[in-house]
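Q: I should like to learn how to read the features of a protein structure. Could the teacher take me through this one step by step?

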Amino acid sequence: MFIETEGTPNPATLKFLPGRDVMPGGTADFASAATAQRSPLALALFELPGIARVFLGADFVTVTKSSDVEWPELKPQVLAALMDHFVTGRPVLNDTPSDVLEEDIRPEDREIVDQIKELLDTRVRPAVAGDGGDIVFRGYRDGVVLLHMQGACSGCPSSRATLKHGIENMLRHYVPEVLAVEQVEA
């Protein structure tokens, strides 16, 4: 098994491509070992010293390190943990998430929200996945779109610029009702 590695715009995060499906039906973001109990893969990675976050994408895993370790020391350990997990055939997740947040959307905003989601799914999420992350729609109220950034995007130095200058400008262009985009946690 060969696992490719790519850098991301976030210097603390690397993207690992195992050449197989990781999460074919969505994504999962784990900010700590405590939140990763349902993922044997994420738990194995959190056992390594210096792992701060694990994000599971469709065909990739992004790993964010803490500031007290360096990639030359940590990268071989992450590769070994990923290889061991996929070679042994263990599941990536033990179950489905029970903490999915329901969107609070007014009925009169449904058409606007559908337009926003379509733009996010077709224009934003593929580009963000290329950088090892994801952006999740969390709500829309009074012209303000709420988005949650995951994976390499979470904590990335350029994430605010991406959110405000990239995503906000694009949404405002195509959906005039959008006035602003704000980042929310979880």
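The dialogue below goes through the helices, sheets and single residues of this predicted model.

Q: What span from first to last C-alpha does helix α2 have, and what span is expected?

A: A helix can be checked by setting its span beside the value expected at 1.5 Å a residue. Helix α2, residues 71-88, has 18 residues and spans 25 Å, close to the expected 26 Å.

Q: Which residues of α2 are buried, and which are exposed?

A: A residue counts as buried under 20% relative accessible area and as exposed over 50%. In α2 the buried residues are W71, L74, V78, A81, L82, H85 and F86. These residues lie on the same side of α2, because they cover an arc of only 120° around the axis. P72 and V87, on the other side of α2, are exposed.

Q: What covers the buried residues of α2, and what follows the helix?

A: The cover of these buried residues includes the strands β2 (13-17), β4 (51-56) and β5 (61-65), together with helix α1 (40-46). After α2 comes G89, which has a positive phi, near 75°.

Q: In what order do the 5 strands of the open sheet stand, and how are they paired?

A: One reads a sheet by listing its strands in order and then noting the pairing. Here the order is β1-β2-β5-β4-β3, and the pairing is antiparallel. The edge strands, β1 and β3 (28-30), each pair on one side only. On average, neighbouring strands of this sheet are turned by 20° against each other, direction ignored. Helix α2 packs on the sheet and touches β1, β2, β4 and β5, with its direction at about 30° to that of β2.

Q: How many bridges join β1 to β2, and how many join β4 to β5?

A: Bridges show which residues of two strands stand opposite each other. Strand β1 (residues 4-7) is joined to β2 by 4 bridges, and the two run antiparallel. One of the pairs places E4 opposite its bridge partner L17 in β2. With 5 residues between them, β1 and β2 form a hairpin. Strands β4 and β5 also run antiparallel and are joined by 5 bridges. L56 has V61 of β5 opposite.

Q: Which strands form the open sheet with mixed pairing?

A: The approach is again to take the order, the edges and the turn between neighbours. This open sheet has 3 strands in the order β6-β7-β8. Its edge strands are β6 (133-141) and β8 (180-183), each of which pairs on one side only. Neighbouring strands of this sheet are turned by 30° against each other on average, direction ignored. Strand β7 (residues 144-151) runs parallel to β8, with 4 bridges between the two. L146 has E182 in β8 as its bridge partner. Helix α3 (residues 110-130) lies across β6 and β7 and runs at about 165° to β6.

Q: Why does D134 count as buried, and which side chain does D134 contact?

A: To classify a residue, one compares its relative accessibility with the cut-off of 20%. D134, a residue of strand β6, has a relative accessibility of 3% and therefore counts as buried. Its side chain makes a polar contact of 2.7 Å with the side chain of R125.

Q: With which residues is L171 in contact, leaving aside its neighbours within four places in sequence?

A: Contacts of this kind link parts of the chain that are separated in sequence. L171 belongs to helix α4 (residues 159-174) and is buried, with a relative accessible area of 0%. Its contacts, with those neighbours set aside, are I116, L119, V145, V178 and V181. L171 and Q115 are 56 residues apart along the chain, and their C-alpha atoms are separated by 9.1 Å.

Q: Is M149 buried or exposed, and where is M149 found?

A: M149 is in strand β7 and is buried, with a relative accessible area of 1%. From C-alpha to C-alpha, M149 and T162 are 11 Å apart in space, while in sequence they are 13 residues apart.

Q: Where is D142 found, and what is its phi?

A: For a loop residue, one can look at the backbone angle and at the accessible area. D142 is found in the loop between β6 and β7. Its phi is near 50°, a positive value in a residue other than glycine. D142 is exposed, with a relative accessible area of 56%.

Methods: Residues numbered from 1 in each chain as written. Predicted model: local features only at pLDDT ≥ 70, side-chain atom pairs only at ≥ 80, totals over all residues. Heavy atoms only, no water. Expected span 1.5 Å × (residues − 1). Buried < 20%, exposed > 50% of the residue type's maximum accessible area, 1.4 Å probe, protein only. Arc of directions from axis to C-beta. Contact = heavy atoms within 4.5 Å. Pairing = 2+ DSSP bridges. Axes fitted to C-alpha atoms, helices over the stretch in contact; angles between N-to-C directions. Polar contact = N/O pair within 3.5 Å; in protein donor to acceptor, adjacent residues only side chain to side chain.
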